[in-house]
Amino acid sequence: MALFTVDTNNILGQAVEEAGTYNVVVAPSSQYTTTQQAGNPMAVFDYEVLDGKYKGGRIRFDNEVWDTSTEEKGNLSIKRFNTIAVALGAANGTSFDSIQQFVSQAVGNKLAVTVDWETGQNGKTYLSVKSHKPFMQDGSKPNGVKRPTGSSNTGNSGFGNHKSTSGGFGTTTNKQQGNGFSTPASSNAGNTQAPEYSSQSANSYHGGGFPNSRRIALLI
């Protein structure tokens with residue numbers, strides 16, 4: 001009797017092969033770090049697809065930078081992280097005291113992300129997160145656009161983008177005490193060091209957050 005039968009649909013690290021909008025959960029490998037040159041706080045989100053034909057697939061390195069070097073950049077940072085928080089299910093009036101706290105509480109929460117193909121400086125093409133939305137009740141929506149012919153990658157590892165586009169959070173799967181997301185999860189907000197960035201633990205922050213807090217400013 002065979003020990004097991006090979007099934008290409010039942011593997012770890014399922015690849016996401018199309019652009020589109022996917023229901024995802026914020027993975028434990030997500031982390032807080034700082035940018036290498038300016039030292040700005042940065043959230044590095046990794047996601048796992050929750051449904052559809054790419055269920056279990058990873059979308060990695062969604063880099064969101066908190067930049068207060070100018071008033072305009074500071075206002076944009078607030079808007080960007082507000083959008084992500086709302087997509088994750090944070091209630092109006094919820095506050096966070098740091099990006100480190102934000103990442104810690106985001107782990108295990110659900111949302112939807114729209115991704116498209118982007119070629120990095122190393123010449124490899126990855127799926128890059130373009131926007132964040134609330135979790136979609138009607139499921140993930142691949143759009144049929146696959147990696148451009150002739151491009152390469154090292155697996156579906158995602159693309160590290162320092163973008164200024166706004167996004168959005170959605171819902172959550174678990175909840176830790178004081179978490180600000182709608183259905184928070186128990187979280188270890190990644191201590192894995194991102195390439196080219198100095199990492200710091202995101203696990204030392206608790207409270208603040210998604211559905212249970214009542215302030216609105218995000219402060220560093």
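Two strands are taken to pair if DSSP finds at least two bridges between them. Helices (H or I, at least four residues) and strands (E, at least two) are DSSP runs numbered from the N terminus. The model is predicted: local features need pLDDT of at least 70, side-chain atom pairs count only at pLDDT 80 or more, and totals for chains, interfaces and linings use all residues. Residues are numbered from 1 along each chain as its sequence is written, and side-chain values use heavy atoms, with hydrogens and water left out.

**View 1. Strand β5 pairs with β1 and with β6.**
Six bridges join β1 (residues 18-26) to β5 (residues 109-119) in the antiparallel sense; one residue of this pairing, V25, has K110 in β5 as its bridge partner. β5 also pairs in the antiparallel sense with β6 (residues 125-133), over eight bridges. Here A112 is matched with K133 in β6. Five residues lie between the strands of the β5 and β6 hairpin, in which G123 adopts a positive phi near 85 degrees.

**View 2. Strand β4 contains D62 and F61.**
D62 belongs to β4 (residues 58-65). Its relative accessible area is 0%, so D62 is buried (buried means under 20% relative accessible area, exposed over 50%, partly exposed in between; 1.4 Å probe, protein chains only). The side chains of D62 and H132 are joined by a polar contact of 2.7 Å. Such a contact is a pair of N or O atoms within 3.5 Å; within protein, one must be able to donate a hydrogen and the other to accept it, and residues adjacent in sequence count only if both atoms are side-chain atoms. F61, also placed in β4, has a positive phi near 60 degrees although it is not a glycine. Most residues other than glycine have a negative phi. F61 is buried because its relative accessible area is 19%.

**View 3. Helix α2 is mostly covered.**
Eight of the eight residues of α2 (residues 99-106) are buried; among them are I99, F102 and V103, as well as the residues Q100, Q101 and Q105. The helix is followed by G108, with a positive phi near 90 degrees.

**View 4. Two stretches have pLDDT below 50, residues 154-177 and residues 211-217.**
The mean pLDDT (the predictor's confidence in each residue, from 0 to 100) of the protein is 77, and 67% of its residues reach 70 or more. Residues 154-177 have pLDDT below 50, yet this stretch has 134 contacts (heavy atoms within 4.5 Å) beyond near neighbours in sequence. Residues 211-217 stay under 50 and have 30 contacts beyond four places in sequence. Where pLDDT is low, the predicted coordinates should not be read in detail.
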